[in-house]
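I opened this model to take notes residue by residue, and I set down here what I looked up and in what order. The entries are brief, and each one stays with a single part of the chain.

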Amino acid sequence: MMMLMKRIAALQKLANNNNKSSAGTLFFSFHYPPSLSFLNSHCTHSQTNYYCSYSTKNPVKSVGFGNNNNNSLDLDDTLNSFNHMLHTRPLPPIRQFNQLLGAIVEMKHYSVAISLIRRLHLLGITSSRLVKPNIYTLTIAINCFCHLNRVDFAFSILGKIFKLGLEPDCATFTALIKGLCLDGNVARAVRFFDEIVQKGFQPNLITYGTIINGLCKIGNTHAAILLLKDMERMGSCQPGVVQYSTIIDSLCKDKKVDEALKMFSEMAGKGITPNVFTYTSLIHGLCNFDQWKEAVRLLSEMTTKNISLNVQTYSVLVDTLCKEGMVKDAHKVLGLMIQRGVEPNTITYSALMDGYCLHGKIADARKILEFMKARGCEPDVFTYSILINGYSKSKRIDEALRLFNDMSRKGLIPNTVTYTTIIGGLCDAGRPLDACVLLDEMQTRGQQPNLITYATLLVCLCKEKRLDEALLLFKMIEDNGLVPDIVIYNILIDGMFKAGKLDAAKELLLSLPVKGLQPDTRSYNIMLNGLCKDGKLEEANNLLNKMEEEGCSANGITYNIIVRGFLQNNDTSEAIHRLQKMLDSGFLADVSTMDLVFNLLSTDWLDPVCKEELEKFLGIT
């Protein structure tokens, strides 16, 4: 008993250290803001949507660590049952209230559950028969606060637990750890985990799985693997399919498919049977690296082991087939999954629509949109954006705009990608002013343009020789707190040259190092092209030397620009010299350069020596 009291005292001190709020034991007097939206928890790895099951002594089946797939009661029914129990005399035991609270949490009505727990506390104060929240009730409260991104209040509940003389269990600590991970504070979750283990807490598989999932979500797969090895070494809690699958999925996302396959073999060697999630993660990773043979082998292995493909597996296949240009086969997979009773989701349909759009088959993509709606699957912003992009790339901007407006009427809010796509379509259609209007609307509706949005519009304005508007847009980029990158500066420099502002373009190029940017090959090519067209070959030659001194390698475009510059300015001898240097560097003359060469050979005034050299270069002598 003395050891237990010491352990509780140590953990209570830890809870106080982790509690950022001054609420402390004021939880039951806390009035939760009614305006706070109900937030859902979305895990990176689907198998880590845990339920925390207690032993048969625990009347609560779940404290709601995950999604509820079997809501037999809706919220109104559950609240009616709860209110009925409150007016029953004698009052039912707390475990029955906990069961209803668990059901409400599974429906993700976290604020409602907190409000009901507070009512139970008040009832316990005023009633002749106390209905005191127990450890399961308070763990439910912790879980709710964590899902509402109020981990500080969750830790204040931990302090309340100790003050009431209750002992937190695995579910309590796991809820807090998951809350920290959901809050994006995985490092703090790991520290908290280490500290409570040092105080004598024995984590279970779900606790380990939560930490492993958190580490993988922030890309620290190496630390997750080390924790997995610790589990195996300690022996008290051996990792299972969930822990292995989480790491395998993360390795695949990190493009370390070979390591993922190695872990898959290690897992099988330990007698741990892979599940559909394990296979799907690996198949997706293999398909991303065009390792079709191995992916097909795993699909065959799934069939042999009677592991049915789920919607995620089918979606991976549809997406991969579309990217490989096998859209008809992808469509057949869609039909097959429906035939086998697996209902496609928005990801499946969107992947197939994208495949059709990539091949210019917009009508077929539109049919998929209507088909998915007919089957009760509502398209989301991503789905609409794919079709809008398809219409835009096919120069059917009016149809793209109609779909864009239809999307808004349905209550879907276009995101930055959607706006950027439609702005790009308007620019391609030569409607920069309409694109500018849409940019203003985008910001009015709370969607912030990114550098890609601005770059899309900048290219159009510069192409249309609207340099003044382009410069105003550039200023807007800086005013909105974005830092222009080399791509943005290259667009602007190119626009200045096209508008005849050579000095301004040179000045901007030379100022790049001061802004922390180094000109790239494209930056120099833009400048060289402008100088050559203006007949400033000596200056172009000096810039080319500077480019080499700065360690920026010339490419085929660079050489062709220089060769054309000398040819157009009748310096054939230097042009031939540059042609030879281009060939020695492994680059070939492009169509424009070759046209100039042939045109030059057809003239009468070409120097015989130069003519002979050019004919030798072309291999016609």
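**Entry 1: L352 and its surroundings.** I began with L352, which lies in helix α17, in a model that is predicted. I asked whether L352 is buried or exposed. L352 counts as buried, because its relative accessibility is 0% and the cut-off for burial is under 20%. I then listed what L352 touches once residues up to four places away in sequence are set aside, and found V318, C322, V327, A330, H331, L334 and I368. I also looked up the C-alpha distance from L352 to K328, which is 9.4 Å across a sequence separation of 24 residues. Helix α17, residues 346–358, is where confidence is highest in the protein chain, with a mean pLDDT of 96.

**Entry 2: confidence along the chain.** I next looked at how far the rest of the model can be read. The mean pLDDT of the protein chain is 84, and 86% of its residues reach 70 or more. Confidence is lowest in helix α1, residues 2–18, where the mean is 49. Two stretches stay under 50: residues 1–9, for which the model has seven contacts beyond four places in sequence, and residues 20–72, for which it has 122 such contacts. I leave the detail of these stretches alone, because predicted coordinates should not be read in detail where pLDDT is low.

**Entry 3: the chain as a whole.** I counted the secondary structure of the protein chain and noted 32 helices and zero strands. Buried residues make up 50% of the 621 residues. Of the contacts in the protein chain with a separation of 6 or more, 63% are accounted for by residues 24 or more positions apart.

**Entry 4: α18 against α19.** I turned to helix α18, residues 362–374, and helix α19, residues 381–393, which pack at an angle of about 160° with their axes 10 Å apart. The two helices are therefore roughly antiparallel to each other, and α18 passes α19 in a left-handed crossing. From α18 the contact is made by I362, A365, R366, L369, M372 and K373, and from α19 by T383, Y384, L387, G390 and Y391.

**Entry 5: K395, in the loop that follows α19.** I followed the chain into the loop between α19 and α20, residues 397–409, where K395 has its place. K395 is not a glycine, although its phi is positive, at about 65°. K395 is exposed, because its relative accessible area of 60% is over the 50% cut-off.

**Entry 6: α23 against α24, and the loop between them.** I looked up a second helix pair, α23 and α24, whose axes come within 9 Å and cross at roughly 165°. These helices are therefore roughly antiparallel to each other, and their crossing is left-handed. On the α23 side I noted L451, Y454, L457, L458, L461 and C462, which meet E469, A470, L473, M476 and I477 in α24. The loop between α23, residues 451–463, and α24, residues 467–479, holds K465. I asked what the phi of K465 is. Phi of K465 is near 60°, a positive value in a residue other than glycine. K465 counts as exposed, with a relative accessibility of 61%.

**Entry 7: a cis peptide bond.** I checked the bond that joins R89 and P90, which is a cis peptide bond with omega at about -5°. P90 lies in the loop between α2, residues 75–86, and α3, residues 94–106.

**Entry 8: cysteines.** I asked how many disulfides the structure holds. The structure holds zero. For C237 I looked up the closest cysteine sulfur, which is in C170 at 8.3 Å, too far for a bond because a disulfide requires the sulfur atoms to be within 2.5 Å. C237 counts as buried at 10% relative accessibility, and C216 counts as buried at 7%.

**Entry 9: E574.** I closed with E574, which lies in helix α30, residues 572–584. E574 is partly exposed, because its relative accessible area of 23% falls between the cut-offs of 20% and 50%. E574 and I562 are 12 residues apart in sequence, and their C-alpha atoms are 9.7 Å apart in space.

Conventions: Residues are numbered from 1 along each chain as its sequence is written. This is a predicted model: local features need pLDDT of at least 70, side-chain atom pairs count only at pLDDT 80 or more; totals for chains, interfaces and linings use all residues. Side-chain values use heavy atoms; hydrogens and water are left out. Buried means under 20% relative accessible area, exposed over 50%, partly exposed in between (1.4 Å probe, protein chains only). pLDDT is the predictor's confidence in each residue, from 0 to 100. Helices (H or I, at least four residues) and strands (E, at least two) are DSSP runs, numbered from the N terminus. Contact means heavy atoms within 4.5 Å. Axes are lines fitted to C-alpha atoms, for helices over the stretch in contact, and angles run from 0 to 180 degrees between N-to-C directions. Angles under 35 degrees count as roughly parallel, over 145 as roughly antiparallel, 65 to 115 as roughly perpendicular and the rest as oblique. A crossing is left-handed if the near helix is turned anticlockwise from the far one by less than a right angle, and right-handed if clockwise.
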